[in-house]
Amino acid sequence: MREVVREEISSIKAELNKIQESNILEREALQASLRDRLYSIYRMCAMRGYTSKEERDNFENIYKSYHKIFENGVMDDTHKRFFAIASEEEVIGHSQKGLK
């Protein structure tokens, strides 16, 4: 009877280890995907020279999720650099002032 219980416990532990390993892989994949998306949005806007309101909102929502889940500070600098890019409204306003 004890041997059966030990085998069952070993089986349960092995299954838990598989689940934990799977969770770690899923978490790493999610982290990489979110980080890649943030970098992509940043690069696109930086190359263009401005950000739209939708891009700012989207970037911020993804960043908040990333930061809540991972809290590692990796994307903090990119977040600051992204919001240092001029907004579309600033670019339009600046160009309209030059027309007057």
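# Four helices and a histidine: a short tour

Leaving aside its neighbours within four places in sequence, His 79 is in contact with Phe 59, Glu 60 and Tyr 63. I begin with that residue on purpose, and I should say at once that what we are looking at is a predicted model. His 79 is found in helix α3, and with a relative accessibility of 17% it counts as buried, because the cut-off for that word is under 20%.

Let me now step back to the chain as a whole. Its secondary structure comes to four helices and zero strands, so that, read along the sequence, the pattern is simply α-α-α-α. How does the radius of gyration of the protein chain stand against that of a compact globule of 100 residues? The globule would have a value near 13 Å, but the chain has 23 Å. The box tells us about the outline, since the C-alpha atoms fill roughly 90 × 20 × 20 Å when taken along the principal axes.

Of the 100 residues, 21% count as buried, and the chain exposes about 7600 Å², of which carbon and sulfur atoms supply 55%. Turning to contacts between residues at least 6 apart in sequence, 69% of them join residues at least 24 apart.

Next, the interior. The largest nonpolar core has 13 residues, and those with the most contacts inside it are Leu 38, Ile 41, Phe 59, Tyr 66 and Phe 82. Two elements give two or more residues to this core, namely α1, which runs over 2-48, and α2, which runs over 53-70. If we take Tyr 66 from that list and leave out residues up to four places away in sequence, we find that it touches Gln 31, Leu 34, Arg 35, Leu 38, Glu 71, Asn 72, Val 74 and Met 75.

I would like to spend a little longer on α2. Its 18 residues, at 1.5 Å a residue, should span 26 Å, and the end C-alpha atoms are 25 Å apart, which agrees with that expectation. Which residues of α2 are buried? They are Glu 55, Arg 56, Phe 59, Ile 62, Tyr 63, Tyr 66 and Phe 70. These residues cover an arc of only 140° around the axis, and therefore they sit on the same side of α2. On the other side of this helix, Glu 54 and Lys 68 are exposed. As for what lies over the buried residues of α2, the cover includes α1 and α3, the latter being 76-84.

Between α2 and α3 there is a loop, and Glu 71 lies in it. Glu 71 comes just after α2 and takes a positive phi of about 40°, although it is not a glycine. Is Glu 71 buried or exposed? At 60% relative accessibility, Glu 71 counts as exposed, because the word applies over 50%.

That brings us back to α3, the helix of our opening residue. Here the buried residues are Thr 78, His 79 and Phe 82. Seen down the axis of α3, these buried residues fall within an arc of 105°, so they line one face of the helix. On the other side of α3, Lys 80 and Ala 84 are exposed, and the cover over the buried residues of α3 includes α1 and α2.

Ala 84 deserves a word of its own. Its relative accessible area is 63%, which means that it is exposed. In sequence Ala 84 and Thr 51 are 33 residues apart, while in space their C-alpha atoms are 9.8 Å apart.

For my last stop, I go back to helix α1, where Ile 12 is found. Ile 12 has a relative accessible area of 45%, and so it is partly exposed. Along the chain, Ile 12 and Tyr 63 are 51 residues apart, and their C-alpha atoms are separated by 37 Å. Tyr 63, you will remember, is among the buried residues of α2, and it is also one of the contacts of His 79, which is where this talk began.

Notes. Residues numbered from 1 in each chain as written. Predicted model: local features only at pLDDT ≥ 70, side-chain atom pairs only at ≥ 80, totals over all residues. Heavy atoms only, no water. Core = buried A, V, L, I, M, F, W, Y, C linked by side-chain atoms within 4.5 Å. Buried < 20%, exposed > 50% of the residue type's maximum accessible area, 1.4 Å probe, protein only. Contact = heavy atoms within 4.5 Å. Expected span 1.5 Å × (residues − 1). Arc of directions from axis to C-beta. Rg over C-alpha atoms; globule rule 2.2 N^0.38 Å. Areas by Shrake-Rupley, 256 points an atom, 1.4 Å probe, with all protein chains shown as cover.
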